[in-house]
Every structure is written in structure tokens, then in C-alpha cells.
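Visitor: I am new to this structure. Please show me how to read its features one at a time.

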Amino acid sequence: MRRYSTILATTRSRSPGCAKTEPSELKRLTPPASNRAHHWWTWRLFGLLFLLVLPAWAQAKPTLIWLLRDLPPLTIFEGPKKGQGVIDQLMPMLIAGMPQYEHTLMRVNRARGLQMLHEHPFACDPSLIWNKERAQWIAFSIPAFRAVSNGLVVRQKDREVLEPFLVEGEVDLSAFLANGERKVGVVAERSYGEYIDALLHQAPNGALTPHYGNDALSSLLSMQRLGRLQVVLGYWPEIRYQARQAEIAEDELLFFPIRGTGKYLSGHVGCTDTTAGRQAITEINHLLRTLPHEHLNQLYADWLDPERRQDYLEQARIFFQQQAAQ
């Protein structure tokens, strides 16, 4: 605005080199006072409108909505470790690296989050597992973090339920589901990785017990504790956390990996598959190639059993080094 005022002041001043105008000429050239007043008010009104419009125009940014779910150890909404999850620590880095957007954090359950990605023109979820079905309508980033693959959890006293299906310490999930004697508790609409998702889609009717609530995993563990369900599918770090919150002793539970899956899988940022969403993914990919993954890896490793931590850290280090080099 200072420049605008200076321009107006300059148009009113007379250059020292200008020739003087004779009074008779001045009288003939000077417009009537009513015209001068009319022009003065026109310019003043224009200036006021400019003042009002400029701040809004200069500050307007697209609003990016981040969809966050309570998903320990990635995001933790309540309790003594509130805000200490891996994604909780990643979000400030992503936001700082994307100043061209206004960022809004929205807490949602899984169903609402997926609905937002379906319907909203500009929203992102920082903790999604990639699968072919989702890739048809979600724009995915490169891997943002590594997590331990899913497995089946039973109580110590129910170990014999899984023993006929164990192969070198891993569960043959396909055979277990086909047997149909015991149901598997699952979180509805959750992806467990492409391999496990395919097995679940092929499961016989009645082989699964899906839970749709906001605290789905906690509810499934409570059902298991009450004897209404014997087998629960999930991530061991998340199960350990939820069991601790429900005052279920860790040594009451046994975790078995699923045969055919790798030890670790990748988590991604997923955005609405629109022009704005795909542009955001391009920018997020650039950030993910330069962020300090060592810090995030260590945060996740702290949630693992001591005997698993070193292997996880080494494998995650190699994985992200290779990704950065691509």
C-alpha cells in the first residue's frame, strides 16, 4: 500500500522542469470542480476496495485436510503416550514442508476417513496400507514408514486352536480359514496388506467376525478375554498397546506371524485422487525422500519386542536408503 500511496502522490506533483501555464490557459484546462470531486471519490473508492481485496487474495491457500485415526503406535489420541506415535511425529515435518497449504487435522474413524477420501476434493490420510482396490480411487505416496506385518493372536490357554495350522512357527491362514471351526476377529474395512487381504476376501462365509466400532481392536480383545472369540488378526505392537490399556497382561497373549507374508510392510500417505490430491502426493514424495527416517524408524522400533528391534532398524535403514536412491 505504501507504493500505491506513492504513485498517487507522484501524479499530483509537478516536475520542476515543467513550463508554467498562463492563467488564461489554466482556466481553460482545469476541469470543473464537480468533475474533480467525482474523480477523487472514484479513485478513493478504488483504493478502499483494493485494500479490502488484497489481503484475502494474498493469503488465500488451498486447505488440505489430514485424516487421522487412533492407531497406536502410529497415532495416539489419548493416554500417557498421547501424541507420541510415529505419525504424530511425522505430521509436523510434512506440514512444515508444505507451507503452500492451510493444514487442518481431522480425527475420524476408519469408515469416515475412507468416505472423505471418496468424496472430498482435497484430503489425505498419512497411515494407509496400499492394495489394488484402494489404488483405483486413492492417490498413494511412496512408502512413508515400515511396520511389522500382521499376525494372529490367541490367549495362552487357546494355543492349541492354532497348533494344527503352524508351519515353522507361522500360521497357514488360508487353511485355518478354510477349516471354519474358529472365527477370526478383524477390524472392518482395514487393510492388512495385499496378501492377507486376498485371503480374507476368499474366506468362507462366517469365518470372520468384523468389528465396525471406533475402538474396534480393543473391543475384539475384550471379546477374546471373555471367551466370545479366540483368534484376533492384527499388528502386534498395536495389540500390545491396546491390551495394556485394557489391563490385559502381555504374557496372557501369544502372537504368530502369518505364513507367506514378509516380516515388514510399508505404510503410505494416501490422498484424494483429484488434481489437487495428486499434486500433493508429488510434493509429499519429495519430502519423504529427504526426511530423517532414522528418527521415525527408532520411534517405531521402541514399540517392538527387544529381540525384534535391531532387525527392524537394520531392514528399515536399508529399505529407505534404497528408496532415496531411486
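**Reading the sheets and helices**

Guide: Start with one pair of residues: V154 has L254 in β11 as its bridge partner. This is a predicted model, in which local features need pLDDT of at least 70 and side-chain atom pairs count only at pLDDT 80 or more, while totals for chains, interfaces and linings use all residues. Residues are numbered from 1 along each chain as its sequence is written, and side-chain values use heavy atoms, with hydrogens and water left out.

Visitor: How many bridges join β5 to β11, and do the strands run parallel or antiparallel?

Guide: Two strands pair if DSSP finds at least two bridges between them. Strand β5 (residues 151–155) and β11 are antiparallel and joined by 5 bridges.

Visitor: What is the order of the strands in the open sheet with β5 and β11?

Guide: Helices (H or I, at least four residues) and strands (E, at least two) are DSSP runs, numbered from the N terminus. The order here is β9-β8-β10-β5-β11, an open sheet of 5 strands with mixed pairing. β9 (208–211) and β11 (253–257) are at the edges with a single partner strand each, so one side of each has no neighbour in the sheet. From one strand to the next, the twist averages 30°.

Visitor: Which helix packs on this sheet, touching β5, β8, β9, β10 and β11?

Guide: Contact means heavy atoms within 4.5 Å. Axes are lines fitted to C-alpha atoms, for helices over the stretch in contact, and angles run from 0 to 180 degrees between N-to-C directions. Helix α9 (residues 216–225) touches those strands, and its direction makes about 135° with that of β9. Helix α10 (residues 236–245) lies across β5, β10 and β11, at about 170° to β11.

Visitor: Where are the edges of the open sheet with the order β2-β1-β3-β12-β4?

Guide: That sheet has 5 strands and mixed pairing. Its edge strands are β2 (102–107) and β4 (138–148), each pairing on one side only. The twist averages 25° from one strand to the next. Helix α13 (residues 306–325) packs on this sheet and touches β4 and β12 (264–272), with a direction at about 150° to that of β4. Within the sheet, β1 (residues 63–68) and β2 pair in the parallel sense over 6 bridges; W66 has L105 in β2 as its bridge partner.

Visitor: At what angle do α4 and α12 pack?

Guide: Angles under 35 degrees count as roughly parallel, over 145 as roughly antiparallel, 65 to 115 as roughly perpendicular and the rest as oblique. Helix α4 (residues 86–96) packs with helix α12 (residues 293–301) at about 160°, the axes 9 Å apart. That makes the two roughly antiparallel.

Visitor: Which residues of α4 and α12 meet?

Guide: In α4 they are V86, Q89, L90 and M93, which meet H295, L296, L299 and Y300 in α12.

Visitor: Is E168 buried or exposed?

Guide: Buried means under 20% relative accessible area, exposed over 50%, and partly exposed in between (1.4 Å probe, protein chains only). E168 is exposed, at 76%. E168 is in the loop between β6 (166–167) and β7 (170–171), and its phi is positive, about 55°, although E168 is not a glycine. E189 also has a positive phi, about 70°, but is partly exposed, at 42%.

Visitor: Which peptide bond is cis, with omega near 5°?

Guide: The bond from P72 to P73 is cis. P73 lies in the loop between β1 and α4.
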